[in-house]
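Q: I'm new to this structure and would like a close look at a single part of it, the inside. Could you walk me through what is packed there and where space is left?

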Amino acid sequence: MTSPLIVTFVQATILNAISNILAQLIDQRNNKAPFTLNTPALLQFLGYGLLIVAPNFYWQRALEARYPGFPTRSELSGAFSVRSLKSILSPRSWLSLFSKSREDDSLPSHKEKEKHVRWAPRAQKSGLHSFFMKFFFDQTAASIVNLVLFVVLINLLKGETLARSWELVVLDFRPLMSARLKYRPVVSALMYTVIPVDRRVVFGSACGVIWGVYLSLYAGV
């Protein structure tokens with residue numbers, strides 16, 4: 001039986017190839033030139049894609065292991081209800097944060113509490129908590145690392161030095177992150193509510209075909 005990682009490699013490679021070829025079509029059409037496949041550019045983009053599949057695959061598995069589960073329909077409807085949003089934004093909820101610290105002074109010391117809870121089972125986090133944590137890390141840590149890897153790897157594959165590649169990271173990180181944040185939150189919301197963990201990299205690639213076109217155009221297809 002073929003492993004999920006191998007399946008992900010194949011599917012992501014096909015989607016990356018489609019992205020790059022579309023980018024070449026767009027670029028050459030804008031230049032009013034007959035289409036000619038730029039094979040080195042295609043291979044460079046596919047090489048970059050192959051290098052990042054495994055890290056992203058295991059990253060998604062690690063996230064799911066740390067924050068397992070999906071939010072239920074009732075949790076989602078409750079979290080985004082008008083009443084819930086009003087309670088979060090109300091002055092009383094903010095004041096409770098400060099009053100809680102005062103109440104904590106009257107509670108038993110940490111050592112005393114530890115005696116009682118040492119053998120207590122760990123409380124199971126809700127699916128909504130898991131969703132928000134996975135969503136947060138995908139928009140921050142994963143986005144930053146993936147963009148840095150893209151700029152560095154694609155330029156190294158084009159023959160640039162590591163020093164020059166880092167200069168391009170500093171130069172292009174802000175516009176690339178701005179572009180990523182225009183589509184990635186929607187993809188993440190779907191990934192962490194309905195998509196199985198071993199299909200998330202491929203799902204992200206499928207949703208990111210247009211993003212792949214953008215990256216290909218950035219890289220000079």
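A: Here is a walk through the interior, from the packed core to the empty space and then to some ring pairs. Keep in mind that this is a predicted model.

Let's begin with the largest nonpolar core, which has 26 residues. Within that core, F45, Y48, F150, V151, L176, W211 and L215 touch the most other members. Several helices chip in: helix 2 (39-66), helix 7 (127-157), helix 8 (162-180), helix 9 (184-194) and helix 11 (209-218) each bring at least two residues. Helix 7 gives the most, with eight residues.

Y48 is a good place to zoom in. Leaving aside residues up to four places away in sequence, Y48 touches L149, F150, L153, I154, L157 and L215. Ring pairs also link Y48 with F45 and F150 into a cluster. Apart from the largest core lies another one, made of five residues, including L5, A12, V53 and F57. As a bit of background, nonpolar side chains in soluble globular proteins tend to be buried together.

Now for the empty space. There is one cavity of 30 Å³ or more, and it holds about 440 Å³ of space. Its lining is made up of 28 residues, and Y48 turns up again here: Y48, I52, R184, G204 and S205 lie nearest the centre of the cavity. Helix 1 (4-30), helix 2, helix 7, helix 9, helix 10 (200-207) and helix 11 are the elements that give two or more residues to this lining. Helix 2 supplies the largest share, seven residues. Sorted by class, the lining has 14 nonpolar, ten polar and four charged residues.

Last come the aromatic pairs, seven by count. F131 and F135 form a tilted one, with 5.9 Å from centre to centre and 35° between the planes. Both residues sit in helix 7, four residues apart, or about one turn of the helix. F131 counts as buried because its relative accessible area is 7%, under the 20% cut-off. F135, at 23%, is over that cut-off, so F135 counts as partly exposed.

Another pair, F136 and F137, is edge-to-face, at 5.4 Å centre to centre with 65° between the planes. Here F136 is partly exposed, with a relative accessible area of 46%, and F137 is partly exposed too, at 24%.

Definitions and conventions. Residues are numbered from 1 along each chain as its sequence is written. This is a predicted model: local features need pLDDT of at least 70, side-chain atom pairs count only at pLDDT 80 or more; totals for chains, interfaces and linings use all residues. Side-chain values use heavy atoms; hydrogens and water are left out. A nonpolar core is a set of buried Ala, Val, Leu, Ile, Met, Phe, Trp, Tyr and Cys residues joined through side-chain atoms within 4.5 Å. Buried means under 20% relative accessible area, exposed over 50%, partly exposed in between (1.4 Å probe, protein chains only). Contact means heavy atoms within 4.5 Å. On a 1 Å grid over the protein atoms alone, a cavity is a set of points where a 1.4 Å probe fits but cannot get out, and a pocket is an open set with protein on both sides within 12 Å along at least five of seven lines; lining residues have an atom within 4 Å of a point. Grid points are joined across faces, edges and corners, and a volume is the space filled by probe spheres set on the points. Ala, Val, Leu, Ile, Met, Phe, Trp, Tyr, Cys and Pro count as nonpolar, Asp, Glu, Lys and Arg as charged, and the others, Gly among them, as polar. Rings of Phe, Tyr and Trp (its six-membered ring) pair if their centres lie within 6.5 Å; planes under 30 degrees apart count as stacked, over 60 as edge-to-face and the rest as tilted.
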